[in-house]
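Biologist: I would like to work through some local features of this protein model with you. May I put my questions one at a time?

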Amino acid sequence: VIHRLPMPNLKDELHSSGWSTGCTCFDNVPVKRNKLILPCLISSRIYVVDVGSQCRAPRLCKMIEPVEVFWKCNKGYLAVVRTLPNGDILIANTGDPAGNGKGGFIVLDGETFELKGNWENECETPPTGYDFWYQPRHNVLVSTAGVVPKIAGRGFNPDDLKKGVFGRRLNVWNLSCRSLTQCFDLGEDSLPLSVKFLHNPDAAEGYVSCALSGIVYRFYKCEVNNWAVEEVIRIPAKDVSGWIMPKMPAFTVDLIISMDDKYMYLSNWLHGDIRQYELSKNCKPRLVGQVFVGGSILRGGPVTVCRDEELKCQPEPLVVKCKRIYGGPSKMQLSLDGKRLYVTNSFYSTWDKQFYPTMVREGSVMLQIDVDTEKGGLCVNKNFLVDFGKEPHGPCLAHDIRFASGDSTS
């Protein structure tokens, strides 16, 4: 650790981050990532951090208070942030100021970082929201569903299933008109979270992972301005005892596609594994790598796996540099060459406390997974560990990861 930037407020829940300049904004012009945008999942505050003036000593240069977001946009609980092709900054929200479910987006000016207002038309606001990705050459933006903030903020409760708390929709938007053109129902309580297009700017296809159902769908353009979805991966739930439910879903938190569109990576926060799939031309991803970096089904823990369609035995605990790793893989980030996959193990503080209390007490970690980019395969680098339990005002819970020089999601 070479620097720390303490934030001035408590209970923000810094969840996602994004650069103020995206690769789609310029043609053949070097991208300068000098500002990092940090929206807050709980407080709805927005921070702008200067990482360009002193790249080894970031500083806070602007703060947008929640009341401005509430009054100007009637939105709150801010999630994923990305830069639009015109240079403005788009932030997805998951709720309204009261914590009820409400999807959509707010917009910041790309130069002044002033809050402009809502992006979508008011009449087309989805019931929930979380992540999004877009392809300018096809004039399309695709967004996922999320959870109702005020209910999810209390923790995961099985009684909330079948009550509309967990989202089920994949939304397709006209990028230039900012209008909702199609909605796909992916099933009750499927909870589609992470969505990615292929990196090829001409490609009209991508993937979305559903956290609770364990299903990954491929979405693709089937005709002019019309899109379709198909199931391509299904990770089965495990029959367990000693857990909150008799069946434990995979809970796929994050999905990343390598820059060459060859591999896709999934993080299963509850089961504890990271999966590498080869993306082939027949549109059926093939599992070529898997590694366990924690999770709820480890041998010797409180959970016993009674029936497992994939594993013959429960995985062994992971120890890196003499530290036992608790928690499951959550947010990932992949280097541009595709050889280094970094992962943290905090998903959301309330749910962390519920499912991984030891990780909360000891602090989260960041691990490095070495990737075989030729044949496929994953291996934990036992020489790399960032222990956030050792922070001066810790223990801390780490989530999002960014490369200043460019990564596979910016």
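The questions below concern a group of strands and then one glutamate residue in this predicted model.

Biologist: In which sense do strands E17 and E18 pair?

Modeller: Strand E17 covers residues 238-241, and strand E18 covers residues 247-248. Two bridges link them, and in one pair aspartate 239 has lysine 247 of E18 as its bridge partner. The sense of the pairing is antiparallel.

Biologist: Which residue in the turn of the hairpin formed by E17 and E18 has a positive phi?

Modeller: Five residues lie between the two strands of this hairpin. In the turn, a phi of about 85 degrees is found, and the residue that has it is glycine 242.

Biologist: Which residue in E23 stands opposite valine 240?

Modeller: E17 also pairs with strand E23, residues 304-307, in the antiparallel sense over three bridges. Opposite valine 240, in E23, stands valine 305.

Biologist: Why does glutamate 120 count as buried?

Modeller: Glutamate 120 is located in the loop between strand E8 (115-118) and strand E9 (132-135). A residue is called buried when its relative accessible area is under 20%. Glutamate 120 therefore counts as buried, for its relative accessibility is 6%.

Biologist: Which side chain is joined to that of glutamate 120 by a polar contact of 2.9 Å?

Modeller: Beyond its neighbours within four places in sequence, glutamate 120 is in contact with several residues, including Lys75, Thr125, Trp173 and Arg178. Its side chain makes a polar contact of 3.5 Å with the side chain of threonine 125. The polar contact of 2.9 Å is with the side chain of lysine 75.

Note on methods
Residues are numbered from 1 along each chain as its sequence is written. This is a predicted model: local features need pLDDT of at least 70, side-chain atom pairs count only at pLDDT 80 or more; totals for chains, interfaces and linings use all residues. Side-chain values use heavy atoms; hydrogens and water are left out. Two strands pair if DSSP finds at least two bridges between them. Helices (H or I, at least four residues) and strands (E, at least two) are DSSP runs, numbered from the N terminus. Buried means under 20% relative accessible area, exposed over 50%, partly exposed in between (1.4 Å probe, protein chains only). A polar contact is a pair of N or O atoms within 3.5 Å; within protein, one must be able to donate a hydrogen and the other to accept it, and residues adjacent in sequence count only if both atoms are side-chain atoms. Contact means heavy atoms within 4.5 Å.
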